[in-house]
Amino acid sequence: MTSITEGAHPASIATDSFSSLLSPCIVPSSSPKATFFNWARTFQCHPQKTFVPTTIYECRLITEWARREGKTLRAAGVGHSPSDLACTDEWMIRMDGMKDVLETDAENKTVTVQAGITLEDLHVHLLQEGLALNNNGSITEQTLAGIIATATHGSGFDYPVISSHVRELDLISSAEGAEIIRCSREQHKDLFLATLCGLGMTGLIVQVKLEVKPAFRLRESKVPLHIDYLLGTSLDEERLAQQPYGVSDEKTPLVGAGDDVHFVKQRNEQSMQKIEDIAKSAEHVRMWWYPQTGGVIVARANRTYEPPIKVASLFGNFFHYHVTQFFLYLATFVPRYTSLVGKWAWWLNENPVVQQDHSYKVFTFDCLYPQYTTEWAIPMEKTRDALAALRDWLAAEEADPKGQRVHFPIEIRFTAPDDIWLSPCYGRQTTYIGIVQYRPYRKSVPYEQIFDKFSHIMAEHDGRPHWAKQHGFTADTLRQKYDKYDDFFQVVQQADPEGRWRCGYTQRHFGENGKMPGGKRPVSSEEGERHMAFGQ
């Protein structure tokens, strides 16, 4: 698309001139880009207007025009969020045209970029400059602005969410003139801390200055163990803890109630310490649990400058991706076969392996297929109890011929605390636990009951939902979970009093008494409304 040359101040432009001025970045209604789909094709929306700007000036013009017309605006990246966070029925700004690298400062270890750049493109540029991001999530296809707005995380006991590495942000205000506001920890600090996990509600992020590190490689070793090793127990031992005094069976010896309570408490403390020791055993530790077998892959990665070690093979990729997807598809017709597919997937992954490559290539992995997913952040000290509750629930479902069949793997990651107001890691050492239900060949699969039960277990262990993923928390619950909740909305009301940056997602999760501060309530996707139950 042709860029618009910067000219008159947006506030001075006649309203009827915006259409012609912005015609180069207005998406025709016949274009596939006029309909927004997320990556998994679980959500879609049909905005009244869609724009693909390539400059900050175009973004300002769009914002000022929306203000004049009384329209809400929603920014969207590549759509990797497995929720309807980006959906709107009014105007959408697709940020994939805002992808330029503006400045690389190798001496001060910063990079300044347009906010629509994907992590994949940013990684390639940084590597050419001998630099790298300090951490990364599981994929690189997302835009940087999307990562920041949802406080996306990687894994590492001493490594906070990626938003923590932002040094400056340029936002476009929804006020008259669509002015640019630069914020950081030194200027407009409250706006800065609110925006680092602001879900797009404080303004349009158009430019980011990010802290980076000298380029490095990672050496990651993967080893298998069993979930019962992590928990220090078996199902029979758990039943022992629940037996009344004086009850015995052939598997469980008779013990006194006092001895039993002391044993269980000591065992749980020791297993929690074991989990924490594993989380600290390398710079970046993550786990993948295959509940159909009880197997857990523990991946430990540390920085290295040794040459890459490749592990992938065409033969392995064929079985790992294509055959597994076919098996999952068959299991949609005979759900009890899901357990066999899980055992197959464990067999493919259970052997120890070492990978060594550029950091971002080790941080990421193949998410395989379109999927429904939810993920929660719990306090580190509750990890053992939460995993035990999940294990017992999944074992009960497996024992029931009509029980729910969860897919694999359950991902477990660790993150340092931060001071970002709505970050799920705010003020506490955190363990993230996430589950998926794959959509083989994009076929829909049952997931609501599984996510509902999973979310209830996470909420019982003081969980906070990952903002980019499906959950059902609403204003009353969220206020209890976040100390800075009211401070956040005070900033939002100051930054966007007319509700220009709101959408159905924000109304659903933050609305009180049927409305948001600022008033507007765009319609959300029907499927988004269905997720209200999760985690209540």
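In which strand is Thr373 found? In this predicted model, Thr373 belongs to strand β17, which covers residues 371-379. Thr373 has a relative accessible area of 7% and is therefore buried, the limit for that class being under 20%. Its surroundings are easy to follow from here. Leaving aside residues up to four places away in sequence, Thr373 touches Pro82, Ile435, Val436, Phe451, Lys469 and Gln470. With Ile435 there is also a polar link, as the side chain of Thr373 reaches the backbone oxygen of Ile435 at 2.9 Å.

Stepping back to the whole chain, 17 helices and 20 strands are present. Of the 536 residues in the chain, 56% are buried. Contacts between residues at least 6 apart in sequence were also examined, and 74% of them join residues at least 24 apart.

Two helices may be visited next. Helix α10 runs over residues 338-349, and its end C-alpha atoms lie 17 Å apart. Its twelve residues should span 16 Å at 1.5 Å a residue, so the two values agree. Buried positions in α10 are Thr338, Ser339, Val341, Gly342, Trp344, Ala345 and Trp346. Helix α12, residues 383-399, contains 17 residues. From the first C-alpha of α12 to the last, the distance is 24 Å, close to the 24 Å expected at 1.5 Å a residue. The buried residues of α12 include the charged side chains Arg384, Arg391 and Glu397. Also buried in α12 are Thr383, Ala386, Leu387, Ala388, Leu390, Trp393 and Leu394.

Strand β16, residues 353-358, is home to Gln356. With a relative accessibility of 3%, Gln356 counts as buried. The side chains of Gln356 and Arg219 are joined by a polar contact of 2.9 Å. Beyond residues up to four places away in sequence, Gln356 touches Leu218, Arg219, Thr304, Glu306, Pro307, Pro308 and Ile309. One of these partners, Pro307, is 49 residues from Gln356 along the chain, and the two C-alpha atoms are separated by 7.3 Å.

Lys222 offers a useful companion case. This residue sits in strand β13 and counts as partly exposed, at 22% relative accessibility. With residues up to four places away in sequence set aside, Lys222 touches Trp288, Ile297, Val298, Ala299, Asn351, Pro352 and Val353. Lys222 and Pro352 are 130 residues apart in sequence, yet their C-alpha atoms are 5.3 Å apart in space.

Internal spaces complete the survey. The structure holds four cavities of 30 Å³ or more, and the largest has a volume of about 80 Å³. Which elements each supply at least two residues of the lining of this largest cavity? They are strands β13 (217-226) and β14 (284-290) together with helix α11 (359-363). From β13 come Leu218 and Glu220, from β14 come His284 and Arg286, and from α11 come Val362 and Phe363. The lining also includes Asn135, Asn136, Gly154, Ser155, Ala301 and Arg413. By class, the lining divides into four nonpolar, five polar and three charged residues. Leu218 thus appears in two parts of this account, as a residue that lines the largest cavity and as a contact of Gln356.

Terms used:
Residues numbered from 1 in each chain as written. Predicted model: local features only at pLDDT ≥ 70, side-chain atom pairs only at ≥ 80, totals over all residues. Heavy atoms only, no water. Helix = DSSP H or I, 4+ residues; strand = E, 2+ residues; numbered from the N terminus. Expected span 1.5 Å × (residues − 1). Buried < 20%, exposed > 50% of the residue type's maximum accessible area, 1.4 Å probe, protein only. 1 Å grid on protein atoms, 1.4 Å probe; cavity = no way out; pocket = protein on both sides within 12 Å on 5 of 7 lines; lining within 4 Å. Points joined across faces, edges and corners; volume = space filled by probe spheres on them. Polar contact = N/O pair within 3.5 Å; in protein donor to acceptor, adjacent residues only side chain to side chain. Contact = heavy atoms within 4.5 Å.
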